[in-house]
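Student: I should like a close look at a single part of this model. Please describe one strand with its pairing, and then a buried position in a loop.

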Amino acid sequence: MKILSYILSPIFLITFVSLLIIFHPLQWLSFNLFGINTHSKVVAILNFFLVKSLLIIGVTIRLKNEYKIPENTSVIFVSNHQSISDIPPIGWFFRKHYPKFVAKIELAKGAPSVSYNLRVGGAALIDRKDPKQSIGELIKFSKRINKNKWGAIIFPEGTRSRNGVPKKFASNGLKVITKFNKDGYVVPLTINNSWKIFKYGSFPFGIGSPITIITHKPIKIDSLPFEKLLEQTESVIKEHIK
């Protein structure tokens, strides 16, 4: 199996990077000519192709969603985090909510398509070494989410779980976002198996491990004290990690 991964991995990597390079100018054009809503649609199309590119290494992605996600309100998607492969499917499957990520500020430079989207698309860019900047950025982000009725994506583990075992959830980011979105909802997500793409390290890629994203019941933010909301969200996400 690992021999096959050495054959397929370069094809996948070239395809993945090529998509990022191709969509970079398309993002620039859509944002500067038509505005952020059109730009968001272009990003959604990019995410669709990135998801499909994973088929090259035999990775399918399935969304399990038994619940209706509220519309015309802010929605905070809270998820465990196993690899960078978590991001395109979340962006694609929940595109109607115009999902905006909380990301580390280092990602704002150097990556075609990704960095541009984070800079202009409404994301929160957090400097982990500067608590004052982080809180200020999260407050501005939270207000944007509330004003535009967008979806926010946050990974409270703070960093990827490289073996699938979840880390303890940090509370600060989610606490700020929920404070400014009392009328919105938290939607917990559980991601399984995306870490297996990187089980050999950065190269070659793991092949043939299907990724599943499970959507849990939305929780009205003002229905629970924050501590209870965090506890319930973390619990339901981790219960379904396999």
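Tutor: A residue counts as buried when its relative accessible area is under 20%. The model discussed here is predicted. By that cut-off Gly 164 is buried, because its relative accessible area is 10%. Gly 164 lies in the loop that connects strand E5 (151-154) with helix H6 (172-179). Leaving aside residues up to four places away in sequence, Gly 164 touches Gln 82, Trp 195 and Ile 241. Between the C-alpha atoms of Gly 164 and Thr 190 the distance in space is 11 Å, and the two are 26 residues apart in sequence.

The strand to examine is E6, which spans residues 185-192. Seven of its eight residues are buried, so strand E6 is largely enclosed by the rest of the structure. Its pairing may be followed partner by partner. Strand E2 (residues 75-79) runs parallel to E6 and is joined to it by five bridges; Val 78 has Pro 188 of E6 as its bridge partner. Strand E7 (residues 211-215) runs antiparallel to E6, with four bridges between them. Here Asn 192 is matched with Thr 212 of E7 as its bridge partner. Strand E8 (residues 219-220) is also antiparallel to E6, and two bridges join the pair. In this case the bridge partner of Tyr 185 is Lys 220 in E8. As a general point, side chains in a regular strand alternate between the two faces of the sheet.

Definitions and conventions: Residues numbered from 1 in each chain as written. Predicted model: local features only at pLDDT ≥ 70, side-chain atom pairs only at ≥ 80, totals over all residues. Heavy atoms only, no water. Buried < 20%, exposed > 50% of the residue type's maximum accessible area, 1.4 Å probe, protein only. Pairing = 2+ DSSP bridges. Contact = heavy atoms within 4.5 Å.
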